[in-house]
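Grab a pencil and work through a few short exercises on the model shown here. Try each one by eye before you read the solution.

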Amino acid sequence: MINAAVAGPVAQPVPIPVRTLLPWVIFGGIMMLLMIYFVGAEEGATSIISGMYVHEYVHDGRHLLGFPCH
Amino acid sequence: MRGMLVGIVAGLLAFGFAKTFGEPQVDRAITFESQIDAAKGEAPEPELVSREVQSSIGLLTGVIVYSTAIGGLFSLVFAYAYGRVGNIGPRALSALLAAAGLLSIIIVPELKYPANPPSVGNPDTIGLRTELYFVMVLISLAALTVSVIAGRRLAPRHGAWNATLIGSALFVVLIAVAQILLRDINEVPAEFPAVVLWRFRVAALGIQFVLWGTLGLLFGYLTERSMSATPARRVVYQ
């Protein structure tokens, strides 16, 4: 995505300025951590949505990806 | 975006692996759990989501969401690291970052708090175990960062090879100290078949190798290709 806009022939890689990166990091980072949270921890240790449906639905994935499940 | 797309591909492969090698172990563990419950005279747990759904579409969703997110975060780290970690091309950098991620986010935490199949673990301690697990992941990432920075600082004086060795040793020491200090969790039931546990953990690790391996290699390949395809845009940022 962003990196596609930067360098050409890669003799000397050009760093992407932090200011260009920052909004991506903040929004993308939060969104993706939330995704991991839902697969990994929702309705186990803590819960945003009541009930156990999310937990049970991703149950096998959670076990096999190595998160503590129950 | 590319990171997330590659994440989906990696997730599909990881799902295939999980389905083939992981699910039989999960099924065995659940059979064990039901037998124990039956022996205690407890009624079997009600199934909110059927086993068929859990082991197919549920597993697929979980793995894909997870790997897409990992892929997205990976591309953010890549975008930051590119051009900042010396003169290294996108393909090599991508492979290197994936190896670092696999080591620090998966392998090191697994050594202390390995993946557990169903029926291993006391439900009352789930809060504590989840906290410890994520603390271990954070410590591992911090230790890796510190070690890499230390290694790079030492490089001009001691040469790249020795500096890398010192940095690696520092990482090992930091992790050893952290793992000794963090409390142990051992909640495997005495009767639980050891072979199932071992195979489950190997499968869990295998899934992550497939996932991170695909991520590192495919992302690097695609990035290198798109960079050589669009040299004109270089002017914009210089």
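The exercises below deal with a predicted model, and each comes with a worked solution.

**Exercise 1. Work out the secondary structure of chain A and how much of chain A is buried.**

Step one: count the elements. Chain A has three helices and zero strands. Step two: read them off from the N terminus, which gives α-α-α. Step three: turn to burial, where 44% of the 70 residues of chain A count as buried.

**Exercise 2. Do the same for chain B, and add its dimensions.**

Start with the elements again: chain B has five helices and zero strands, running α-α-α-α-α from the N terminus. Next, burial: of its 238 residues, 36% are buried. Last, lay the C-alpha trace along its principal axes, and chain B spans about 70 × 40 × 25 Å.

**Exercise 3. What share of the contacts in each chain joins residues at least 24 apart?**

Keep just the contacts between residues at least 6 apart in sequence, then pick out the long-range ones. For chain A, pairs 24 or more positions apart make up 17% of that set. For chain B, the share is 84%.

**Exercise 4. Take helix H4 of chain B, and compare its span with that of a straight helix.**

First, the expected value: H4(B) covers residues 126–181, and a straight helix of 56 residues would span 82 Å at 1.5 Å a residue. Second, the value in the model: the end C-alpha atoms of H4(B) are only 20 Å apart. Third, look for a bend along the way. H4(B) has a kink of about 135°, centred on His158(B).

**Exercise 5. Which residues of H4(B) are buried, and which helix do they pack against?**

Go along the helix and keep residues with 20 or more other C-beta atoms within 10 Å of their own. The list includes Arg129(B), Tyr133(B), Met136(B), Ile139(B), Ser140(B), Ala143(B), Leu144(B) and Ser147(B). Gly151(B), Gly167(B), Phe171(B) and Ile175(B) are on it too. As for spacing, an α-helix has 3.6 residues a turn, so residues three or four places apart point the same way. The partner of these buried residues is helix H3 (90–112) of chain B.

**Exercise 6. Split chain B into domains and describe the contact between them.**

Domain 1 takes in 2–120 + 192–237, while domain 2 is 124–187. Their centres, taken over C-alpha atoms, are 21 Å apart. Nine residues of domain 1 and twelve residues of domain 2 form the contact. Now sort the domain 1 side by class: seven residues are nonpolar, one is polar and one is charged.

Note on methods: Residues numbered from 1 in each chain as written. Chains lettered and ligands numbered in written order. Predicted model: local features only at pLDDT ≥ 70, side-chain atom pairs only at ≥ 80, totals over all residues. Helix = DSSP H or I, 4+ residues; strand = E, 2+ residues; numbered from the N terminus. Buried ≥ 20, exposed ≤ 12 C-beta atoms within 10 Å, placed from the backbone. Contact = placed C-beta atoms within 7 Å. Expected span 1.5 Å × (residues − 1). Bend = angle between axes of the 7 residues up to and from the residue. Domains from an automatic or database assignment. Nonpolar A, V, L, I, M, F, W, Y, C, P; charged D, E, K, R; others polar.
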